[in-house]
Amino acid sequence: MRIDVVTIFPGYLAPLREALLGRAIAAGLIDVRVHNLRDWTRDVHQAVDDAPYGGGPGMVMRPQVWGEALDDVLGDEPARLIVPTPAGVPFTQATARRWKDEPRLVFACGRYEGIDQRVVDEYASRMPVEEVSIGDYVLVGGEVAVLVMVEAVARLLPGVLGNPQSAEQDSFSDGLLEGPAYTRPVVWRGREVPAVLRSGDHGAIARWRRDRALERTAKRRPDLLAALPEDALDQRDREF
Ligand SMILES: N#Cc1c(N)n[nH]c1-c1ccc2c(Cl)cn(Cc3cccnc3)c2c1
C-alpha cells in the first residue's frame, strides 16, 4: 500500500517512522510519503488560508493551493482521498478493514477551521473521497487523526504485525471489547491471576475470556452489544 499525506506540518507525521510502522516502511510493506502543502504556494508569505465567506471565527484553507497540491500528488494513479474533519463519518475498525485492501490512500490534512468545501467536491467528482472523524472531540487539525487511521490500517496489512492473529482477535473483531489480560508473576502486590487462566483447560479459558469481554462490553459500550447481529449471542451470553 502507498500512503500519501499532505499537510502544513510534515513533522507531525514523524511518528509514522518509529517502531513497528517504521520497520514496516523500511521493509517496503508500506510506502509512506509526506508532502508539505506550502510547497505549492506561490506567494512570498506561502499563504494557505483566508477569511471565511459569510464571516465567523478563524480562517479557512484556500482551494487553489490544495488543488495544485492534490493534482500533483494524485497524478494518474487511482487512490482513495481521505479528509479528516470533526464533521466526518466515524472512523471505525470496519473502516480500517475496508481500507486495508486499497492500493493507495491519500490523506488531506487540514488546519484552521477546515478546507474549502469545493476541494472535497472537486475530487469527489472523479475519485472516491471520504470525510471521516476519529471521534467526538475536537482537535486542532487533521494530522493526529491521520496518525491514528494510518496505524489502524497498517497493522492489518500482511507482515506488519509479528503475530497476525493479534489483528484477527483484537477488540472489535468479534464486535466486543477485549477482556482483561495477565502475565507473570502469578501474584503481584497480593493480586492473583485468575486460576482458570492457569488451568490449561482451553475450553474453560475461552469461555471465561468471552464472559469477561461480554461483561466489559455491557458495562462500557452497551451500544456495541445492541449493534451485534441477532445470532451473535447465545442465551447464556445474554445474561450479562
Ligand atoms: N478527524 C478528526 C477530528 C476530530 N475527531 N476532532 N477534530 C478533528 C479535526 C480534523 C480535521 C481538522 C481540520 Cl482540517 C481543522 N481542524 C480544526 C477544527 C476545529 C474545530 C472546528 N473545525 C476544525 C480539524 C479537526
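**Salt bridges, ligand site and backbone of a predicted model**

Author: The whole structure was searched, and 21 salt bridges were found. The model is predicted, so local features need a pLDDT of at least 70 and side-chain atom pairs count only at pLDDT 80 or more, whereas totals for chains, interfaces and linings use all residues. Residues are numbered from 1 along each chain as its sequence is written, and side-chain values use heavy atoms, with hydrogens and water left out.

Reader: How do you know what confidence the predictor has in the protein chain?

Author: The chain averages a pLDDT of 95, where pLDDT is the predictor's confidence in each residue, from 0 to 100. At least 70 is reached by 96% of the residues. For the complex, the predictor gives an ipTM of 0.98 and a pTM of 0.94.

Reader: Why is the pair of R126 and D71 called a salt bridge?

Author: A salt bridge is a side-chain nitrogen of Lys or Arg within 4 Å of a carboxyl oxygen of Asp or Glu. The closest N and O atoms of R126 and D71 are 3.6 Å apart, and the pair therefore qualifies. The pair links distant parts of the chain, 55 residues apart: R126 is in the loop between α4 and β7 (129-133), and D71 is in helix α2 (residues 63-74). Helices (H or I, at least four residues) and strands (E, at least two) are DSSP runs, numbered from the N terminus. R126 also forms a salt bridge with E122, with 2.4 Å between the closest N and O atoms. In general, side chains of opposite charge can pair when their charged atoms come close.

Reader: Why are D71 and E122 called partly exposed?

Author: Buried means under 20% relative accessible area, exposed means over 50%, and partly exposed lies in between (1.4 Å probe, protein chains only). D71 has 39% and E122 has 37%, so each of these residues falls in the partly exposed range.

Reader: What makes the salt bridge of R236 and D211 a tie between parts of the chain?

Author: The closest N and O atoms of R236 and D211 are 2.9 Å apart. R236 lies in the segment after α8 (222-227) and D211 in helix α7 (residues 202-220), so the pair ties together parts that are 25 residues apart in sequence. At 37% relative accessibility R236 is partly exposed, whereas D211, at 7%, is buried. R236 and D211 also belong to a network of salt bridges that links them with R207, R210, D234 and D237.

Reader: Which residues are closest to the ligand, and how many surround it?

Author: The ligand is surrounded by 19 residues, the closest being G110, S133, G135, Y137 and L139; a residue counts as near if one of its heavy atoms lies within 4 Å.

Reader: What makes the approach of S133 to the ligand a polar contact?

Author: A polar contact is a pair of N or O atoms within 3.5 Å; within protein, one must be able to donate a hydrogen and the other to accept it, and residues adjacent in sequence count only if both atoms are side-chain atoms. An N or O atom in the side chain of S133 is 3.1 Å from a nitrogen atom of the ligand, and the pair therefore meets the cut-off. A polar backbone atom of I134 is 3.4 Å from a ligand nitrogen, and a backbone N or O atom of G135 lies 2.9 Å from a ligand nitrogen. The ligand taken alone exposes 530 Å², of which the protein buries 88%.

Reader: Why is the phi of Q46 worth stating?

Author: Most residues other than glycine have a negative phi, and most peptide bonds are trans. Q46, in the loop between β2 (31-36) and β3 (49-50), has a positive phi of about 55° although it is not a glycine. Y112, in the loop between β6 (104-108) and α4 (117-124), likewise has a positive phi, near 55°. Q46 is partly exposed at 35%, and Y112 is partly exposed at 34%.

Reader: What is the peptide bond from R184 to P185?

Author: That bond is cis, with omega near 5°. P185 is in the loop between α6 (164-168) and β8 (187-188).

Reader: Are A145 and V148 of helix α5 buried or partly exposed?

Author: A145 is in helix α5 and is buried, with a relative accessible area of 5%. V148 is also in helix α5 (residues 143-154) and is partly exposed at 37%. The C-alpha atoms of A145 and V5 are separated by 11 Å, although these residues are 140 residues apart along the chain.

Technical notes
Accessible areas come from the Shrake-Rupley method with a 1.4 Å probe; for residues, only the protein chains shown count as cover.
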